Amino acid sequence: MSELSSTIGFVVISVLYIVIGLLAVAGSIAVSRKLFSPRHEQVLYGLLLVLIAGFYLSFTAYFGDNKAWALESNAVLVFLLLGIIGTRIPAALILGYPLHGIWDVIHELHTHTSITIFDLQQLTAIPLAYGIFCATYDIGIAIYFFSRRTEWARSWQSKNS
């Protein structure tokens, strides 16, 4: 396959995954607002950050990237801490999700292009456009968190939430 058609294919797939990521953001917001109180919604998204960070360990195992275990485990630990703190402090989620999105893009570039960021050769491989989808979701949902931060904070002050 020529370099041009490979690039066009990557761009088309990326656009599709961006659209899917935006739809996932809209669906997440609609479902979480309908099913959960603000307090429980915040807890849900904090725990979700922990879970989505763990995908990188499953990719490390699946792709057999033994050299990636240390770096990926440390990254998961950072997102685990941000997720746990985020169950109570909205700023941790507002920070954690975009950081995770950046981590996703770095993996996408490392795995599927010739671009290397920070010379991180120990990154695990990821499926095509997974990083694009996740970065779209992570940044989109963080914008939502920013809009909900006051209500989430208030919900912890109320005894009825």
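These legends accompany several close-up views of a predicted model of one protein chain.

**Figure 1. The whole chain, a fold made of helices.** Welcome to the overview: the protein chain has 5 helices and 0 strands, and along the sequence the pattern reads α-α-α-α-α. Taken along the principal axes, the C-alpha atoms occupy a box of roughly 60 × 35 × 25 Å. The chain has 161 residues, and 37% of them count as buried. Among contacts between residues at least 6 apart in sequence, 71% link residues at least 24 apart.

**Figure 2. Helix α2 and its surroundings.** Helix α2 runs over residues 38–63, which makes 26 residues. From first C-alpha to last it reaches 38 Å, close to the 38 Å expected at 1.5 Å a residue. Which residues of α2 are buried? They are P38, R39, E41, Q42, Y45, G46, L49, I52, A53, Y56, F59 and T60. The cover over these buried residues includes α1 (3–35), α3 (69–86), α4 (90–112) and α5 (130–157). Follow the chain just past α2 and you meet G64, with a positive phi of about 65°.

**Figure 3. P38 and its partners far along the chain.** P38 is part of helix α2. Its relative accessible area is 18%, and because buried means under 20%, P38 counts as buried. Leaving aside residues up to four places away in sequence, P38 touches R148, E151, W152 and S155. A useful distance to check here is that between the C-alpha atoms of P38 and R154: these residues are 116 apart along the chain, yet the separation is 8.8 Å.

**Figure 4. Helix α3 and its buried side.** With 18 residues, α3 reaches 25 Å from its first C-alpha to its last, close to the 26 Å expected at 1.5 Å a residue. The buried residues of α3 are E72, A75, V76, F79, L82, G83 and G86. Why do they share one side of α3? They cover an arc of only 125° around the axis, and so they lie on the same side of the helix. As general background, an α-helix has 3.6 residues a turn, so residues three or four places apart point the same way. The elements covering the buried residues of α3 include α2 and α4.

**Figure 5. The packing of α1 against α5.** Two packed helices are described by the angle between their axes and the distance between the axes. For α1 and α5, the angle is about 35° and the axes are 7 Å apart. The crossing of α1 past α5 is right-handed. In this contact of α1 with α5, the residues divide into 13 nonpolar, 6 polar and 2 charged.

**Figure 6. I143, an exposed residue of α5.** I143 sits in helix α5. Is I143 buried or exposed? I143 counts as exposed because its relative accessibility is 58%, where the cut-off for exposed is over 50%. If you would like a ruler for this view, I143 and S158 are 24 Å apart in space, C-alpha to C-alpha, and 15 residues apart in sequence.

**Figure 7. A129, in the loop before α5.** A129 is found in the loop between α4 and α5. Its phi is near 70°, a positive value in a residue other than glycine. For context, most residues other than glycine have a negative phi. A129 is also buried, with a relative accessible area of 0%.

Key:
Residues are numbered from 1 along each chain as its sequence is written. This is a predicted model: local features need pLDDT of at least 70, side-chain atom pairs count only at pLDDT 80 or more; totals for chains, interfaces and linings use all residues. Side-chain values use heavy atoms; hydrogens and water are left out. Helices (H or I, at least four residues) and strands (E, at least two) are DSSP runs, numbered from the N terminus. The expected span of a helix is 1.5 Å times one less than its number of residues. Buried means under 20% relative accessible area, exposed over 50%, partly exposed in between (1.4 Å probe, protein chains only). Contact means heavy atoms within 4.5 Å. The arc is that of the directions from the helix axis to the C-beta atoms. Axes are lines fitted to C-alpha atoms, for helices over the stretch in contact, and angles run from 0 to 180 degrees between N-to-C directions. A crossing is left-handed if the near helix is turned anticlockwise from the far one by less than a right angle, and right-handed if clockwise. Ala, Val, Leu, Ile, Met, Phe, Trp, Tyr, Cys and Pro count as nonpolar, Asp, Glu, Lys and Arg as charged, and the others, Gly among them, as polar.
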